Amino acid sequence: MRHHRIACLAFDGMAPFELATVAEVFAVSRPELDVDRWYRFEVCAEVPGPHRVVGGFDIVVHHGLDRLRHADTVIVPGVPDVRRDVSPVVLKALRDAHARGARMVSICGGAFALAAAGLLDGGTATTHWRHAALLQERHPEVTVDASVLYIDNGSVVTAAGTAAGIDACLHLVRRDHGPDIAARVARRMVVASHREGGQAQFAERPVSPAPSDDPIGSAMRYVLDNLHRRLTAGELAGVAHLSVRQFERRFAAVAGLPPGRWITRQRVRAGAELLESTDRPVDAVAGRVGLTVAGFRHHFRETMSVSPSTYRRQFRR
């Protein structure tokens with residue numbers, strides 16, 4: 001049987017990690033696995049030749065976009081700039097490959113290329129959490145989920161930032177050859193074959209999206225100073241010198257969430273900080289951020305996609 005052909009798209013200014021990740025999974029020969037139709041890996045670019053990579057060195061790309069016409073899987077490990085348009089030539093090549101039946105994969109900012117090609121329309125996709133809001137703004141026809149490591153929509157797979165590319169690539173091996181083969185590849189790479197949780201656990205935790213001299217900003221800061229106790233909408237409306245209805249409406253406009261959900265999210269984030277920086281048991285952490293133990297466990301898993309104990313094992317300072 002012929003190999004499963006994979007074409008990875010390179011460009012000037014790309015980060016080497018994503019490319020190396022894809023190559024490590026799909027380009028390394030693995031005769032010990034004794035599987036049919038293993039991968040044949042090629043790197044291609046809009047213009048073949050030397051391409052500068054982050055870190056001050058070049059890679060030489062021997063193939064052009066014609067390789068996308070024959071690939072079973074096309075991987076886009078990023079784009080030159082998430083704020084600029086992708087080359088129309090590249091977009092056409094991506095559309096043609098998808099129409100032909102190729103499986104399309106993006107890592108990190110590569111989702112911007114798939115979105116610009118229209119391949120994510122009407123579906124759910126992910127990208128690096130830093131770029132998620134921009135992807136949603138530029139492509140409102142796509143539902144962006146910044147909480148996960150990768151999303152598999154069948155013919156299109158999108159991965160979050162950097163190391164999430166490993167998770168997505170191993171997922172493809174699992175899909176193509178089964179969990180045992182994926183686990184053996186992961187062991188050879190000395191990584192977990194499947195990681196718990198999503199990228200929400202790695203995202204920076206902002207303190208407040210509003211300035212303190214704004215009524216809503218003042219209420220937010222009041223919340224952060226009083227997370228240990230129960231807070232009501234009436235109390236916060238009084239801090240902001242607004243009626244409850246005005247407060248709830250203006251708060252949602254600023255935070256993008258109703259007050260109750262925003263407060264719960266801050267409780268979880270404060271709890272995450274305590275799990276990272278202290279040895280307090282989970283029930284003490286829950287009390288410190290104003291939640292019952294059951295409530296803390298529930299909301300923590302809902303927000304971070306992992307349990308508090310798993311999070312502490314991963315991020316304990």
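This passage looks at the cysteines, one helix pair and one further helix of a predicted model.

The cysteines come first. A disulfide is a covalent bond between the sulfur atoms of two cysteines. The count of disulfides in this structure is 0. Cys8 takes part in none, and the cysteine sulfur nearest to it belongs to Cys44, 7.5 Å away. Cys44 is likewise in no disulfide, with the sulfur of Cys8 as its nearest cysteine sulfur at 7.5 Å. Since a disulfide calls for sulfur atoms within 2.5 Å, the 7.5 Å between Cys8 and Cys44 doesn't qualify. As for exposure, Cys8 has 0% relative accessibility, so it counts as buried. Cys44 also counts as buried, because its relative accessibility is 0%.

Next up is a pair of helices, α5 (residues 164-177) and α6 (residues 179-189). Their axes lie 7 Å apart, and the two helices pack at an angle of about 145°. The α5/α6 crossing is right-handed. On the α5 side, the contact is made by Ile166, Leu170, Val173, Arg174 and His177. Facing them from α6 are Pro179, Ile181, Ala182, Val185, Ala186 and Met189. Sorted by character, the residues of this contact come out as 9 nonpolar, 1 polar and 1 charged.

Further along the chain sits helix α13, spanning residues 308-315. Its buried residues are Pro308, Thr310, Tyr311 and Arg312. What do the buried residues of α13 pack against? Their partners are three helices: α10 (259-277), α11 (282-288) and α12 (293-304).

Notes: Residues numbered from 1 in each chain as written. Predicted model: local features only at pLDDT ≥ 70, side-chain atom pairs only at ≥ 80, totals over all residues. Heavy atoms only, no water. Buried < 20%, exposed > 50% of the residue type's maximum accessible area, 1.4 Å probe, protein only. Axes fitted to C-alpha atoms, helices over the stretch in contact; angles between N-to-C directions. Helix = DSSP H or I, 4+ residues; strand = E, 2+ residues; numbered from the N terminus. Left-handed = near helix turned anticlockwise from the far one by under 90°. Contact = heavy atoms within 4.5 Å. Nonpolar A, V, L, I, M, F, W, Y, C, P; charged D, E, K, R; others polar.
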